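Please open the structure in the viewer and keep the selection panel at hand. The tour below proceeds one selection at a time.

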Amino acid sequence: MGTGFLILLISCLSGFIYLIIGYLLTFKQKADVLNGIDFSKIADLPAFCKYVGNSFLLSGVVQILVGLLAYFAYFNLLLFVAIYVFFSTLPIVNVVRAMRKFQKSTS
């Protein structure tokens, strides 16, 4: 098993996990997949789920594509790691942004 195949396997598995979470959030409105969030403080839960779910879907697609490009040697390892880390942390940042964006007003 070569390094390229291992990179492809890891990026595809994590990409598919992100796609599943994104699908559940965007299309099924299953906010329960996100732990540690007080949903009583979210004003518009369907819009929150769509916003965060689209972020997970984008990250999943990019992770799979970057894994394929690294496997076929279009990317070097350093560029793969940089893009992979950025798109792995993107949903976390968007969850925090969405919590502030869709927070109920305290008045």
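Begin by selecting Ile 7, Ile 10, Ser 11, Ser 14 and Tyr 18 in α1, and then add Leu 77, Phe 80, Tyr 84, Phe 87, Ser 88 and Pro 91 in α3; these two sets of residues meet each other. By class, this contact of α1 with α3 comprises eight nonpolar and three polar residues, and no charged ones. The model on display is a predicted one.

Next, show α1 and α3 as helices in cartoon form. Their axes lie 12 Å apart, and the two helices pack at an angle of about 15°. Angles under 35 degrees count as roughly parallel, and α1 and α3 are therefore described as roughly parallel to each other. The crossing of α1 and α3 is left-handed.

Now turn to the nonpolar interior. Select Leu 25, Leu 34, Phe 48, Val 52 and Phe 56: these are the residues with the most contacts inside the largest nonpolar core, which has 13 residues. Colour α1 (3-26), α2 (45-71) and α3 separately, since each of these helices supplies at least two residues of this core. Helix α2 provides the largest share, namely four residues.

Centre the view on Leu 34. Beyond its neighbours within four places in sequence, Leu 34 is in contact with Leu 25, Phe 39, Phe 48, Val 52 and Phe 56. A second, separate core can then be selected; it has eight residues, among them Val 66, Ala 70, Phe 80 and Phe 87.

Finally, select Asn 94, which lies in helix α3 (residues 77-101). Is Asn 94 buried or exposed? Its relative accessible area is 11%; buried means under 20%, and Asn 94 is therefore classed as buried. Display the surroundings of Asn 94: apart from its neighbours within four places in sequence, Asn 94 is in contact with Tyr 51, Val 52 and Ser 55. Val 52 is also one of the contacts of Leu 34. To close, draw a distance between the C-alpha atoms of Asn 94 and Leu 34; these atoms are separated by 12 Å, while the two residues are 60 residues apart along the chain.

Technical notes
Residues are numbered from 1 along each chain as its sequence is written. This is a predicted model: local features need pLDDT of at least 70, side-chain atom pairs count only at pLDDT 80 or more; totals for chains, interfaces and linings use all residues. Side-chain values use heavy atoms; hydrogens and water are left out. Buried means under 20% relative accessible area, exposed over 50%, partly exposed in between (1.4 Å probe, protein chains only). Contact means heavy atoms within 4.5 Å. A nonpolar core is a set of buried Ala, Val, Leu, Ile, Met, Phe, Trp, Tyr and Cys residues joined through side-chain atoms within 4.5 Å. Axes are lines fitted to C-alpha atoms, for helices over the stretch in contact, and angles run from 0 to 180 degrees between N-to-C directions. Angles under 35 degrees count as roughly parallel, over 145 as roughly antiparallel, 65 to 115 as roughly perpendicular and the rest as oblique. A crossing is left-handed if the near helix is turned anticlockwise from the far one by less than a right angle, and right-handed if clockwise. Ala, Val, Leu, Ile, Met, Phe, Trp, Tyr, Cys and Pro count as nonpolar, Asp, Glu, Lys and Arg as charged, and the others, Gly among them, as polar.
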